[in-house]
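Please read the following report with the sequence and the coordinates at hand. It deals with the overall form of one protein chain, then with its helices, its core and a few single residues.

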Amino acid sequence: MDLVDAIDEMRRRVDGEMLPAMLEVAEGVVEDMKSGHTFTNRTGRLEGSMQHGGASGSIFRGYRVEVFARMPYASFVDEGTSRSRPYPYLWPAWQRREAWAEGVVNAALAQAVNF
């Protein structure tokens, strides 16, 4: 195997490990959003709409995964309005999960380069 082939193989291995790791991180953040929010959950619709999108990207372009709530008023709860204070749920969930997410990513990278 020459250098170019070795680099291509490493890229494939990293991408193969990182995309599932990004989904795992997103699932963890969504779980934390649902269980750690401070707003009063009257109907359960906002909490029920919290989810993540698919992971995308590559080692060259970077990786991306979206975490969101689909209710039209979700940003009003998270960021507040002129009439109501904010009840942030997205950023605090990420902050609580950040160290764990770093461990997930580190484990995925270690798995990718361990051959």
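The account below moves from the whole chain to individual positions.

**Overall form**

The model discussed here is a predicted one. The protein chain contains four helices and four strands, and, when these are read along the sequence, their order follows the pattern α-α-β-β-β-β-α-α. Taken along the principal axes, the C-alpha atoms fill a box of roughly 65 × 20 × 20 Å. The radius of gyration of the chain is 18 Å, whereas a compact globule of 115 residues would have a value near 13 Å.

Of the 115 residues in the chain, 30% count as buried. The chain exposes about 7600 Å², and carbon and sulfur atoms supply 53% of that area. Among contacts between residues at least 6 apart in sequence, 61% join residues that are at least 24 apart.

**Helix 1 and helix 4**

Helix 1 covers residues 3–36, and, because each residue should add 1.5 Å, its 34 residues should span 50 Å; the C-alpha atoms at its ends are 48 Å apart, which agrees. The 24 residues of helix 4 should, at the rate of 1.5 Å a residue, span 34 Å, and the end C-alpha atoms of helix 4 are 32 Å apart, so here too expectation and model agree. Helix 4 nevertheless has a kink of about 55°, centred on E98.

The buried positions of helix 1 are V14, D15, M18, A21, M22, V25, A26, G28, V29, V30, D32 and M33. An α-helix has 3.6 residues a turn, so residues three or four places apart point the same way. What covers the buried residues of helix 1 includes strand 1 (50–52), strand 2 (56–58), strand 3 (62–64) and strand 4 (67–69), together with helix 4 (90–113).

In helix 4 the buried residues are P92, A93, R97, A101, V104, A108 and A112, and these pack against helix 1.

**The nonpolar core**

Which residues have the most contacts inside the largest nonpolar core? That core has 23 residues, and the ones with the most contacts inside it are M33, L46, M50 and Y89. Helix 1, strand 4, helix 3 (74–79) and helix 4 each supply at least two residues of this core, and the largest share, nine residues, comes from helix 1.

M50 shows how separate parts of the sequence come together in this region: leaving aside its neighbours within four places in sequence, M50 is in contact with V30, M33, K34, F39, F68, A69 and Y89. Two of these partners, M33 and Y89, are also named among the core residues with the most contacts.

**Single positions**

Three positions in helix 1 may be set beside one in the segment after helix 4. L19 has its place in helix 1, and R12 and G28 lie in helix 1 as well, whereas N114 lies in the segment after helix 4.

The table pairs each of these residues with a partner that is remote in sequence.

| Residue | Partner | Separation in sequence | C-alpha to C-alpha distance |
|---|---|---|---|
| L19 | S58 | 39 residues | 8.2 Å |
| R12 | Y63 | 51 residues | 14 Å |
| G28 | A93 | 65 residues | 8.8 Å |
| N114 | M1 | 113 residues | 17 Å |

Is G28 buried or exposed? G28 is buried, because its relative accessible area is 6% and the cut-off for burial is under 20%. Apart from residues up to four places away in sequence, G28 touches R97 and W100; of these, R97 is itself listed among the buried residues of helix 4.

L19 has a relative accessible area of 26% and is therefore partly exposed. When residues up to four places away in sequence are not counted, L19 touches A55, S56, G57 and Y63. R12 is likewise partly exposed, with a relative accessible area of 44%. N114, by contrast, is exposed, since its relative accessible area is 58% and exposure begins over 50%.

Conventions: Residues numbered from 1 in each chain as written. Predicted model: local features only at pLDDT ≥ 70, side-chain atom pairs only at ≥ 80, totals over all residues. Heavy atoms only, no water. Expected span 1.5 Å × (residues − 1). Buried < 20%, exposed > 50% of the residue type's maximum accessible area, 1.4 Å probe, protein only. Contact = heavy atoms within 4.5 Å. Bend = angle between axes of the 7 residues up to and from the residue. Core = buried A, V, L, I, M, F, W, Y, C linked by side-chain atoms within 4.5 Å. Rg over C-alpha atoms; globule rule 2.2 N^0.38 Å. Areas by Shrake-Rupley, 256 points an atom, 1.4 Å probe, with all protein chains shown as cover.
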